[in-house]
Amino acid sequence: MIETININWPSGAIDPVIHCPACGSLVLSPLEEEGPGCHHIQFIIDSESGEFNYITEAFDEILKEFRKPDVEEFDEWDATEVFLEESESNTFYVMNLILPSNVSIEDDPVCLRIGFELFFSEDQEELYEELERRHDEEGLHDHSQN
């Protein structure tokens, strides 16, 4: 089962700002045609439409075995649910942002689901290289011992 965090967003609050848990990049609006600017994001889907707002080719390929095209009521949301229940990945992480309905209190909330693939060793390497570069620029490293 995939690690998942649920965030219940309060009714009437301004829209949340979401950042990637691995690199801190701002996760752009799921309605952006270019998609999010973070390479960790594999998909963005909402429960209201049941369709992807954004999906990478790699995740689309993975999801093929979880889709049921023969079942009329089985949509992309359902395929993603099955993936989350059956997959055993230690690098995949999902954030469910539960947003209250804008229409009526009786309506079901909308869940915005964001799937991240977290590449820890690569990300840490990138992060440490960037920190080294910044420290060198700021003169915070003493290279006289090297």
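**R113 in its fold**

Trainee: How many helices and strands does the protein chain have?
Mentor: This is a predicted model. Its protein chain has 3 helices and 5 strands.

Trainee: In what order do the elements run from the N terminus on?
Mentor: Both element types appear in the chain, helices and strands. Read from the N terminus, the order is β-β-β-α-α-β-β-α.

Trainee: Which strand holds R113?
Mentor: Look at residues 110–117. That stretch is a strand, and R113 lies within it. The strand is β5.

Trainee: Is R113 buried or exposed?
Mentor: The cut-off for buried is under 20% relative accessible area. R113 has 5% relative accessibility, so R113 counts as buried.

Trainee: Which side chains make polar contacts with the side chain of R113?
Mentor: A polar contact needs N or O atoms within 3.5 Å. The side chain of E81 pairs with that of R113 at 2.7 Å. Another polar contact, also 2.7 Å, links R113 to the side chain of N96. The names are E81 and N96.

Trainee: Which residues is R113 in contact with, leaving aside neighbours within four places in sequence?
Mentor: Contact here means heavy atoms within 4.5 Å. E81 and N96, the polar partners, are on the list too. The full set is F43, I44, I45, W77, T80, E81, L84, V94, M95 and N96.

Trainee: What percentage of the residues in the protein chain is buried?
Mentor: R113 is one buried residue. The protein chain has 146 residues, and the buried share is 32%.

Trainee: How much of the exposed area do carbon and sulfur atoms supply?
Mentor: The protein chain exposes about 10000 Å². Carbon and sulfur atoms supply 48%.

Key
Residues are numbered from 1 along each chain as its sequence is written. This is a predicted model: local features need pLDDT of at least 70, side-chain atom pairs count only at pLDDT 80 or more; totals for chains, interfaces and linings use all residues. Side-chain values use heavy atoms; hydrogens and water are left out. Helices (H or I, at least four residues) and strands (E, at least two) are DSSP runs, numbered from the N terminus. Buried means under 20% relative accessible area, exposed over 50%, partly exposed in between (1.4 Å probe, protein chains only). A polar contact is a pair of N or O atoms within 3.5 Å; within protein, one must be able to donate a hydrogen and the other to accept it, and residues adjacent in sequence count only if both atoms are side-chain atoms. Accessible areas come from the Shrake-Rupley method with a 1.4 Å probe; for residues, only the protein chains shown count as cover.
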